[in-house]
Amino acid sequence: MNVTVFGTGYVGLVQAAVLAEAGHKVICIDIDENKIASLNKGQVPIYEPGLAPLVERNLSSRTLQFTTDAKTGVDHGEIIFIAVGTPPDEDGSADLRHVLTVARTIAEHMGESKIVVNKSTVPVGTADKVREAIKSELDKRGAGDLAFDVVSNPEFLKEGSAVADCMRPDRIIIGTDSKEAEEALRELYAPFNRNHEKIMAMDIKSAELAKYAANCMLATKISFMNEMAEIADRVGADIEQVRQGIGSDPRIGYHFIYAGIGYGGSCFPKDVKALITTAGKLDVTPEILASVEQRNERQKRYLLEKICAHFGDDLSGKTFALWGLAFKPNTDDMREAPSRVLMEQLWQRGAKVQAFDPQAMEECQRIYGVRDGLQLCGTKESALAGADALIIATEWQQFKAIDVEAVTSGLKNPVIFDGRNLYDPKQLARSGIDYYCVGRPRIPAAR
């Protein structure tokens with residue numbers, strides 16, 4: 001099928017590349033000329049495992065193309081995806097300006113029937129607004145008799161495994177009131193639906209809400225475990241043992257019940273805020289969602305409390321090695337990352353940071369520029385050199401096996417503040433390392 005995707009961010013670019021890999025002919029549209037020029041050279045602007053070779057391969061085979069020419073894209077696509085950003089507005093609601101701009105652009109160039117698919121994460125009722133925007137623009141052109149359908153097809157991709165999630169989805173939700181549009185989407189996704197039935201057809205508003213509900217449920221699990229971790233801290237329990245004890249219950253399961261220093265990224269924080277705002281506008285009091293957000297904001301300050309308890313509130317003259325800048329492993333995304341909150345708090349107290357991340361160094365440089373309190377290091381070992389303590393903010397695989405000798409010889413003081421519970425407290429205590437983690441009893445270091 002001929003497919004057009006408006007937007008070349010995480011969602012749009014991954015979806016386009018995967019559809020092209022399945023044999024569909026895909027054109028991606030973006031207004032950023034430099035980005036499109038880079039993509040046409042096979043240069044992928046984001047780090048996502050497996051994405052770059054997928055883009056390169058399908059560029060070569062001409063099943064995937066990139067352009068800024070909206071008319072070319074609209075003419076090409078039988079199915080047109082809207083996959084542009086919906087950043088939070090000042091009140092926390094999703095900003096739909098980009099979505100509606102694309103809708104009007106599609107209508108401006110439409111010459112025949114189209115199926116317009118909302119892939120962006122959007123609040124309930126957005127399909128109606130997209131439909132109104134298209135109809136209004138068509139009426140202006142005197143083309144109000146052109147038929148079109150608007151479909152909600154939310155994405156459920158995880159940064160760091162987005163390509164795999166897209167190629168092997170656990171569900172494909174199609175929200176539509178049109179049998180013809182449903183059949184077209186079923187045909188589009190047939191290559192991904194062969195193992196067993198994954199397509200769930202439903203009404204549009206249910207599909208729109210399903211995306212928010214999914215992300216908010218996952219955020220709730222994270223915040224719940226973080227709250228349990230604070231309780232574990234106070235009573236002397238071990239949250240890792242608690243996690244295993246409750247995860248063995250199939251009604252709970254092991255996914256998303258790791259204690260840490262809060263969630264970040266482009267989805268969970270934004271979507272929780274957006275659903276809180278939506279609920280408020282409907283005179284619904286979102287008590288659980290509000291608590292989830294509050295706990296997450298508190299959790300991002302969790303390690304600083306332990307750092308200040310160890311070193312004192314005034315951290316002037318202190319230097320901290322920081323392992324991990326991205327909000328999660330296998331991405332370079334630092335949006336809403338706990339590392340940012342932590343670094344900024346350390347700087348406010350006069351400390352310096354020597355940071356290393358396998359992928360997010362350029363993004364950190366873009367965000368913070370050159371500043372006295374930040375040194376970006378080429379290796380995790382070089383970040384340790386002369387630092388007063390090590391802080392771990394992201395659970396990258398290469399951090400999980402600790403080289404005790406490298407840590408103790410590099411640091412001024414053998415102290416680790418671990419926001420991801422990567423290590424065995426007893427082992428580190430025997431190695432003479434003061435080890436602070438999340439919701440686990442502290443064992444005095446052997447000296």
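How many Å apart are the mean positions of the positive and negative charges of the chain? In this predicted model, the mean position of the 53 positive charges and that of the 63 negative charges are 3 Å apart.

That gives a first feel for the chain, and the overall build comes next. The secondary structure runs to 18 helices and 14 strands. The radius of gyration is 24 Å, close to the 22 Å that the globule rule gives for 447 residues, so the chain is as compact as a globular protein of that length. Taken along the principal axes, the C-alpha atoms fill a box of roughly 80 × 45 × 45 Å. Of the 447 residues, 55% are buried. The outside of the chain amounts to about 19,700 Å² of exposed area, and carbon and sulfur atoms supply 49% of that. As for how the chain meets itself, take the contacts between residues at least 6 apart in sequence: 72% of them join residues at least 24 apart.

Helix 1 is a good place to zoom in. This helix covers residues 10-21, twelve in total, and its first and last C-alpha atoms are 16 Å apart, close to the 16 Å expected at 1.5 Å a residue. Helix 1 is mostly covered, with eleven of its twelve residues buried. The buried set takes in Y10, V11, G12, L13, V14, Q15, A16, A17, V18, L19 and A20. Just past the end of helix 1 comes G23, where phi is positive at about 110 degrees.

One residue of helix 1 deserves a closer look, namely A16. Its relative accessible area is 0%, and because buried means under 20%, A16 counts as buried. What does A16 touch, leaving aside its neighbours within four places in sequence? The contacts of A16 are V5, V26, C28 and L64. A16 can also be placed relative to A83, which sits 67 residues away along the chain, with 10.0 Å between the two C-alpha atoms.

Helix 8 offers a residue at the other end of the scale. E180 belongs to this helix, which spans residues 179-188. Is E180 buried or exposed? With 60% relative accessibility, E180 is exposed, because the cut-off for that label is over 50%. Between the C-alpha atoms of E180 and D149 there are 8.9 Å, although 31 residues part them along the chain.

The loops have a few things to show too. R62 sits in the loop that links helix 3 (51-60) to strand 3 (64-67). Its phi is near 65 degrees, a positive value in a residue other than glycine. R62 has a relative accessible area of 54% and is exposed. N330 also has a positive phi, of about 65 degrees, and is not a glycine. This residue lies between strand 9 (319-323) and helix 14 (338-348), in the loop there. N330 is partly exposed, at 34% relative accessibility.

Further along, S431 occupies the loop between helix 18 (425-430) and strand 14 (434-436). The relative accessible area of S431 is 31%, which makes it partly exposed because that label covers values between 20% and 50%. How many Å separate the C-alpha atoms of S431 and L315? They are 26 Å apart, for two residues 116 places from each other along the chain.

Key: Residues numbered from 1 in each chain as written. Predicted model: local features only at pLDDT ≥ 70, side-chain atom pairs only at ≥ 80, totals over all residues. Heavy atoms only, no water. Helix = DSSP H or I, 4+ residues; strand = E, 2+ residues; numbered from the N terminus. Rg over C-alpha atoms; globule rule 2.2 N^0.38 Å. Buried < 20%, exposed > 50% of the residue type's maximum accessible area, 1.4 Å probe, protein only. Contact = heavy atoms within 4.5 Å. Areas by Shrake-Rupley, 256 points an atom, 1.4 Å probe, with all protein chains shown as cover. Lys, Arg positive; Asp, Glu negative; His and termini not counted. Charge placed at Lys NZ, Arg CZ, Asp CG, Glu CD. Expected span 1.5 Å × (residues − 1).
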